[in-house]
Structure formats: structure tokens, C-alpha cells
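This report describes one protein chain, from its overall make-up to a pocket and two single residues. The sequence and structure come first.

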Amino acid sequence: MRFFRSALAALAADIALAASAQAPSPPEAFLRADKGHCIACHQLPQGHGPVSRADLGTKLEGTRMRAIGREGLRQAIADPPRVNADTLMPPFGRHRILESWEIETLVDYLHALP
């Protein structure tokens, strides 16, 4: 019984640590008006970044972001009209609003959302 309690406590600690490590802070490009300014159109999961009532873009939920995959996210940020002809999202890569390393930072961030 003692072993079971110790194992259960260790498991709970691991889960808590993984949950806190799962949600990094939004990258600068996510918040800056002269860069991506994603927060102007998109919402983050509650408690994982600035609160926004924006509803022009989709909610950025981790399960959906991971389903899209890294390459899909990269394409959706770099040149959204190629992915969705009806989008209002500007082509951040094609118009050189974001550098390739900034797009990669956003892809990593979105892929890590809970």
C-alpha cells in the first residue's frame, strides 16, 4: 500500500509538471501589432495567454493545432490564401511581415498549446 501511494504521488507530480511545461508564453510576434498580432483575431485557451474577445479567426486550441501539423501551420501563417482562398489573414511570410524564424517560433508555440 505504501508503494502504491508513493507511485501515485510521483505520477501526480509528473502530471502537474507536464501541464505547467506545456503552455509556453506567446512569442513576441503573436502580440506585436507591427508583426503577426495574432491576438487581434484569435483566442487562446483560457489561462494560457492574454484574454481576447476576438472572433474573426479560429480559436487556437492545441488539439486542432496538432491535427493541422507543423507544415500545415507553417503554410497557414506564411501564405494563408494558398491554404484557404476565403481567408482574411494576411500572408505574413510572402509579404515579409514575419521572418522565417518568427514563423517557426509561432509554429512551435501553436503546436505546444494545450
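Of the 114 residues in the protein, 27% are buried. The model is a predicted one. About 7,700 Å² of the protein is exposed, and carbon and sulfur atoms supply 57% of that area.

The secondary structure consists of five helices and zero strands, so the order of elements from the N terminus, under the definition of helices and strands used here, reads α-α-α-α-α. Among contacts with a separation of 6 or more, 46% join residues 24 or more positions apart.

**The largest pocket**

The largest pocket holds about 660 Å³ of space. Its lining comprises 28 residues, and those nearest the centre of the pocket are H42, T58, A76, T87 and M89. Helices α3 (62-78), α4 (80-83) and α5 each give at least two residues to the lining. Of these, α3 provides the largest share, with seven residues. The lining breaks down by class as follows.

| Class of lining residue | Number of residues |
|---|---|
| Nonpolar | 19 residues |
| Polar | eight residues |
| Charged | one residue |

**S52**

S52 sits in the loop between α2 (28-31) and α3. Is S52 buried or exposed? The relative accessible area of S52 is 15%, and because buried means under 20%, S52 counts as buried. Two backbone atoms lie by polar atoms of the S52 side chain: the backbone oxygen of I39 at 3.1 Å and the backbone nitrogen of A54 at 3.0 Å. Leaving out residues up to four places away in sequence, S52 touches I39, H42 and Q43. I39 therefore appears both in the list of residues touched by S52 and, through its backbone oxygen, in a polar pair with the S52 side chain, since the cut-off for a polar contact is 3.5 Å. H42, also touched by S52, is one of the residues nearest the centre of the largest pocket.

**D108**

D108 belongs to helix α5 (residues 100-112). With a relative accessible area of 41%, D108 is partly exposed, because the value falls between the 20% and 50% limits. Which residue, 81 residues apart from D108 along the chain, has its C-alpha atom 9.6 Å from that of D108? That residue is P27. Helix α5, where D108 is found, is also one of the helices that supply at least two residues of the pocket lining.

Technical notes. Residues are numbered from 1 along each chain as its sequence is written. This is a predicted model: local features need pLDDT of at least 70, side-chain atom pairs count only at pLDDT 80 or more; totals for chains, interfaces and linings use all residues. Side-chain values use heavy atoms; hydrogens and water are left out. Helices (H or I, at least four residues) and strands (E, at least two) are DSSP runs, numbered from the N terminus. Buried means under 20% relative accessible area, exposed over 50%, partly exposed in between (1.4 Å probe, protein chains only). Contact means heavy atoms within 4.5 Å. Accessible areas come from the Shrake-Rupley method with a 1.4 Å probe; for residues, only the protein chains shown count as cover. On a 1 Å grid over the protein atoms alone, a cavity is a set of points where a 1.4 Å probe fits but cannot get out, and a pocket is an open set with protein on both sides within 12 Å along at least five of seven lines; lining residues have an atom within 4 Å of a point. Grid points are joined across faces, edges and corners, and a volume is the space filled by probe spheres set on the points. Ala, Val, Leu, Ile, Met, Phe, Trp, Tyr, Cys and Pro count as nonpolar, Asp, Glu, Lys and Arg as charged, and the others, Gly among them, as polar. A polar contact is a pair of N or O atoms within 3.5 Å; within protein, one must be able to donate a hydrogen and the other to accept it, and residues adjacent in sequence count only if both atoms are side-chain atoms.
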